[in-house]
Amino acid sequence: MIHTQTGSGRRILTFPAVNPCESISVTTLLDSLLQISGEILSFKSKHFSTNKRSVKETLRHIQSLVIFLEDLRVQIRFGSISASRRSVILSLSELHVIFQKLKFLLEDCTREGAKLYMLMNSGQVSAHFRALIRSISTSLDTFPVESVELPGEVNELIYLVMRQTRKSEARPDRDDKLAIDSVRWFFNLFENRINPNSDEILRVLDHIGVRKWRDCVKEVDFLREEISAGKKSKIEIELLSSLMGFICYCRCVILRGIDVDDEVGDEDEEEEDLMMIRGLNIDDLRCPISLEIMSDPVVLETGHTYDRSSITKWFSSGNITCPKTGKNLVTTVLVDNFSVKQVIQSYCKQNGVVLGQKGKKKVAVAESLAAEEAGKLTAEFLARELINGDEEEMVKALVEIRILTKTSSFNRACLVEAGVVDSLMKILRSEDPRVQENAMAGIMNLSKDTAGKTRIAGDDGGGLRLIVEVLNDGGARRESRQYAAAALFYLSSIGDYSRLIGEISGSISGLVRIVKSCDFSDLAKRNALIAIRSLLMNQPENHWRVLAAGSVPVLLDLLRSDEVSDGVTADSMAILAKMAEYPDGMISVLRRGGLKLAVKILGSSEVSPATKQHCVALLLNLCHNGGSDVVGSLAKNPSVMGSLYTASSNGEFGSGKKASALIKMIHEFQERKTGTVEPVLGRERFVHAW
């Protein structure tokens with residue numbers, strides 16, 4: 001059987017067909033053709049959002065060709081026809097490629113989430129159908145019908161298909177044109193801040209097969225992926241943005257039959273995205289050559305990552321070295337760096353960023369007037385529902401706010417402007433766990449917005465105290481408390497708010513309790529850890545508060561545990577490194593065996609480079625503040641230097657300079673011990689390092 005590509009991972013309206021090899025047998029070719037024919041005919045029962053007449057014509061021709069192919073296979077098996085005739089193989093091979101492309105096209109016309117997009121591109125879809133159907137006639141022209149002994153009725157069928165396909169005039173359906181005109185009319189109404197007639201919208205949605213709330217969710221997800229894919233013209237981006245605004249309006253205002261429990265099942269994926277990018281240095285996502293965020297990261301044999309277009313130009317210029325190391329390359333083979341690509345995609349998704357044609361960062365705002373005004377109309381509707389709606393309408397509005405604010409900075413700005421923050425803060429104390437959880441999730445997402453931070457905190461910091469109250473509410477859902485921790489992380493990015501949060505009784509201790517508790521997942525623990533880290537970085541005065549909350553023993557216990565993720569390990573190590581910048585923090589870490597534990601983790605092969613980076617920073621801070629006692633303890637450990645040299649050589653993860661500084665300190669200590677250099681490290685205090 002011929003191996004053909006599937007539709008999985010294929011860009012829409014692309015047709016990567018596989019040509020059969022020249023040595024293929026007619027029997028194998030026929031078997032594969034009949035298999036693909038069956039797959040094509042299986043589309044009969046599916047709903048098509050566009051070009052229904054062209055689809056029917058295509059399926060009719062395929063059904064006729066199946067009769068021809070089955071009879072041909074029988075004749076060949078019985079030896080009535082030579083299976084080695086070149087003209088037969090050539091004709092069937094061309095037909096095989098056409099069938100593959102038709103299958104791809106039919107997949108696109110029925111693809112979940114792409115129904116509105118395919119409707120708006122019905123002209124292009126018709127052109128593809130027309131070209132492929134006419135190609136069937138061309139491929140059959142080379143088939144030796146006269147010299148092949150097939151039944152008369154089969155020969156007549158072949159000639160009929162050839163005549164019909166040669167004259168095919170696939171065109172967009174009249175109903176498609178009417179639906180497209182309606183959509184563009186809706187855009188015009190949005191631009192003038194007018195709500196379209198709901199019955200008219202429902203007619204269009206019914207035409208393309210978008211009849212449920214969940215269908216709209218899939219449409220939005222697809223459009224977001226298309227916008228983020230890059231390499232599109234301004235006109236294409238404007239259309240996609242307008243379609244996004246329209247379908248979001250439909251989901252929130254028109255199709256409101258939402259199943260709340262079913263919808264929130266993707267929160268783990270959202271939290272994974274958040275965890276992946278928190279504490280991330282955006283410069284790590286930039287190509288070392290172009291200094292722009294990479295759109296297609298690839299790895300060289302040296303282990304360094306570059307954007308594919310930039311490194312390809314480097315090689316095209318005659319360079320056969322690694323730009324960062326200068327090392328001559330044995331091979332210029334490029335390997336996709338899927339890990340970095342996933343991080344970049346998560347960063348773009350969570351920060352509302354799309355990659356332009358040259359990989360430049362561009363904030364994802366509404367790219368069209370229709371999308372902008374549709375977003376504002378949607379936000380105003382949801383704001384009214386929070387105030388005037390009954391309990392179920394309020395919950396539906398809360399879930400919509402939660403979804404809209406996940407990935408779009410524009411939607412966050414619209415909702416803040418519409419005044420939803422005040423309504424959300426007022427219902428945070430709700431006894432309905434659904435209301436509290438979704439309200440807290442909305443607050444968390446809106447805290448990413450600059451104006452949202454101001455509205456949430458309030459003039460007197462009352463909003464911050466309310467979030468801390470949810471954080472410590474033992475009766476609240478665990479999800480509500482972890483969203484509160486995440487909200488504190490975003491809010492603490494502003495120095496004044498970081499100070500206010502630290503001053504609120506129970507804020508830091510509440511975060512530490514989440515980290516310590518066995519009732520919370522690793523994702524929840526990381527929410528709390530990253531919030532603590534942000535409080536430390538943005539307000540030095542919070543150092544003693546974090547120390548007083550008992551964070552050091554809790555973090556060291558986490559590091560000793562075998563049941564936490566590497567992400568928790570990295571975050572814990574980062575906080576300890578920050579704590580060790582201060583003498584009292586250094587003493588607390590050393591007294592609880594932190595030095596020995598850090599050395600063990602640094603030498604482990606099972607932790608990530610990020611964890612080792614923080615581990616090196618911790619050791620360096622312990623040496624700076626602990627003096628020669630700590631350095632001497634490291635010098636006595638034979639495994640330390642090897643681990644540090646490894647970290648030093650791996651500068652891509654930011655630990656190279658610190659590792660080199662630590663190596664230098666140990667060397668100087670050893671030289672002083674032998675009396676070859678003057679002492680440079682003081683011994684102001686005695687600490688028991690191990």
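Helices, of at least four residues, and strands, of at least two, are DSSP runs numbered from the N terminus. In the predicted model described here, the protein chain contains 34 helices and 5 strands. Leu 13 is located ahead of these numbered elements, in the segment before H1. Although Leu 13 is not a glycine, its phi is positive, at about 60 degrees. The residue is also buried, since its relative accessible area is 10% and the limit for burial is under 20%.

Across the protein chain, buried residues account for 54% of the 690 residues. Among contacts with a separation of 6 or more, 74% are made by residues 24 or more positions apart.

Helix H1 spans residues 26–41 and has 16 residues, for which a rise of 1.5 Å a residue predicts a span of 22 Å. The end C-alpha atoms of H1 are 22 Å apart, in agreement with that expectation. The buried residues of the helix are Val 26, Leu 29, Leu 30, Ser 32, Leu 33, Leu 34, Ile 36, Ser 37, Ile 40 and Leu 41. An α-helix has 3.6 residues a turn, so residues three or four places apart point the same way. The packing partners of the buried residues of H1 are helix H2 (52–77) and helix H3 (86–109).

In the loop between H1 and H2 lies Asn 51. Asn 51 is not a glycine, yet its phi is positive, at about 55 degrees. With a relative accessible area of 0%, Asn 51 is buried.

Further contacts in this part of the chain involve Lys 103, a residue of helix H3. Lys 103 counts as buried because its relative accessible area is 15%. When neighbours within four places in sequence are set aside, Lys 103 is in contact with Glu 39, Ile 40 and Phe 43. One of these partners, Ile 40, also belongs to the buried residues of H1.

Side chains of opposite charge can pair when their charged atoms come close. The model has 30 salt bridges. One of them joins Asp 108 to Arg 10, with the closest N and O atoms 3.0 Å apart. This pair links distant parts of the chain, as Asp 108 belongs to helix H3 and Arg 10 to the segment before H1, 98 residues apart. Both Asp 108 and Arg 10 are buried.

A salt bridge is also formed between Arg 73 and Asp 31, whose closest N and O atoms are 2.8 Å apart. Because Arg 73 is in helix H2 and Asp 31 is in helix H1, the pair ties together parts that are 42 residues apart in sequence. Arg 73 is partly exposed, at 23% relative accessibility, and Asp 31 is likewise partly exposed, with a relative accessible area of 23%.

Arg 434 and Asp 432 form another salt bridge, in which the closest N and O atoms are 3.3 Å apart. Here Arg 434 is partly exposed, with a relative accessible area of 23%, whereas Asp 432 counts as buried at 15% relative accessibility. Salt bridges also link Arg 193, Glu 372, Glu 373, Lys 376 and Glu 380 in a network.

Strands of a sheet pair through backbone hydrogen bonds, either parallel or antiparallel. In this model, 3 strands form an open sheet with antiparallel pairing, in the order E2-E1-E3. Strand E2 (305–307) and strand E3 (335–336) are the edge strands, and each pairs on one side only. Strand E1 (residues 297–299) runs antiparallel to E3, and 2 bridges join these strands. Val 299 has Val 335 in E3 as its bridge partner. Helix H13 (residues 308–316) packs on the sheet and touches E1, E2 and E3, with a direction at about 90 degrees to that of E2.

The cysteines were also examined for disulfides, and the count comes to 0. Cys 322 is buried, as its relative accessible area is 1%. Cys 615 counts as buried as well, at 0% relative accessibility.

Conventions. Residues are numbered from 1 along each chain as its sequence is written. This is a predicted model: local features need pLDDT of at least 70, side-chain atom pairs count only at pLDDT 80 or more; totals for chains, interfaces and linings use all residues. Side-chain values use heavy atoms; hydrogens and water are left out. A disulfide is a pair of cysteine sulfur atoms within 2.5 Å. Buried means under 20% relative accessible area, exposed over 50%, partly exposed in between (1.4 Å probe, protein chains only). Two strands pair if DSSP finds at least two bridges between them. Contact means heavy atoms within 4.5 Å. Axes are lines fitted to C-alpha atoms, for helices over the stretch in contact, and angles run from 0 to 180 degrees between N-to-C directions. The expected span of a helix is 1.5 Å times one less than its number of residues. A salt bridge is a side-chain nitrogen of Lys or Arg within 4 Å of a carboxyl oxygen of Asp or Glu.
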